[in-house]
Amino acid sequence: SGSVYMYVSFMLQLVVGIQNVFDKVNSFIFVDTCKNVTEQILTSENLERTMAEFLMDRTLGFGTDYGNTFKIFSQQKDIFNKKTVLIIMGDAENTGNTTGEEYLQQVTDKCKVTYWLQPKEKELWYNSYSELEKYKKYCKDVYQCSTLRQLEDFIKQLIKL
């Protein structure tokens, strides 16, 4: 959505990188609903064009709804298990929708570990729209991640698993 638009290209590059390095990766994009884009990434002959298509996909909605997104995640079959490392990338700004905490908890309970990658500066994490305070209790850690240095720091932690 608009609050993370300037970071979306970076986050999508990260998703593509993760999907190209690790086996059995499922990648989703979301705004007020979500879409599994795993196959689009794996079969894309032009990732730049594919990512541009993701950015223009208005079927995902306009205002962020983490509650609905987490609900959809919780209904996914055979994706989450005790080997799953769940990485959520977003600013946790929920634009007045339900938090979906119960669904996030259902998903994270199925996973080995959950990390939250927050693209914004730390002083912006807890504004009036942010639900990060509620969400972070279901995560092993929250990392600022909008630069290559920050991404490197996160990957160092990920490798330790």
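Which side chains meet in a salt bridge with an N to O distance of 3.5 Å? In this predicted model, the two partners are Arg149 and Glu152, whose side chains meet in such a bridge. Both residues belong to helix α7, which spans residues 148-159, and because they are three residues apart in that helix they are separated by about one helical turn. The two partners can also be described by their accessibility: Arg149, at 58% relative accessibility, counts as exposed, whereas Glu152, at 36%, counts as partly exposed.

The structure holds seven salt bridges, and two further examples can be described in detail. In one of them, Lys120 is paired with Asp91, and the closest N and O atoms are 3.4 Å apart. This pair links distant parts of the chain, since Lys120 is found in the loop between β4 (113-118) and α6 (132-135), while Asp91 is found in the loop between β3 (85-89) and α5, with their positions 29 residues apart in the numbering. Lys120 and Asp91 are both buried. In the other example, the side chains of Lys137 and Glu101 meet at 3.2 Å, N to O. Here Lys137 lies in the loop between α6 and β5 (141-144) and Glu101 lies in helix α5, so that the salt bridge ties together parts that are 36 residues apart in sequence. With a relative accessible area of 56%, Lys137 is exposed, whereas Glu101 counts as buried because its relative accessibility of 17% falls under the 20% limit. Salt bridges that share partners also occur, and they join Asp91, Glu93 and Lys120 into one network.

Helix α5 also takes part in a packing arrangement with another helix. In general, two packed helices are described by the angle between their axes and by the distance between the axes. For helix α4 (residues 66-74) and helix α5 (residues 101-110), the axes come within 8 Å and cross at roughly 40°. That angle makes α4 oblique to α5, and the crossing in which α4 passes α5 is left-handed. On the α4 side the contact is made by Gly67, Phe70, Lys71, Phe73 and Ser74, and on the α5 side by Tyr103, Leu104, Gln106, Val107 and Lys110. When the residues of this contact are divided by character, five are nonpolar, three are polar and two are charged.

Methods. Residues are numbered from 1 along each chain as its sequence is written. This is a predicted model: local features need pLDDT of at least 70, side-chain atom pairs count only at pLDDT 80 or more; totals for chains, interfaces and linings use all residues. Side-chain values use heavy atoms; hydrogens and water are left out. Axes are lines fitted to C-alpha atoms, for helices over the stretch in contact, and angles run from 0 to 180 degrees between N-to-C directions. Helices (H or I, at least four residues) and strands (E, at least two) are DSSP runs, numbered from the N terminus. Angles under 35 degrees count as roughly parallel, over 145 as roughly antiparallel, 65 to 115 as roughly perpendicular and the rest as oblique. A crossing is left-handed if the near helix is turned anticlockwise from the far one by less than a right angle, and right-handed if clockwise. Contact means heavy atoms within 4.5 Å. Ala, Val, Leu, Ile, Met, Phe, Trp, Tyr, Cys and Pro count as nonpolar, Asp, Glu, Lys and Arg as charged, and the others, Gly among them, as polar. A salt bridge is a side-chain nitrogen of Lys or Arg within 4 Å of a carboxyl oxygen of Asp or Glu. Buried means under 20% relative accessible area, exposed over 50%, partly exposed in between (1.4 Å probe, protein chains only).
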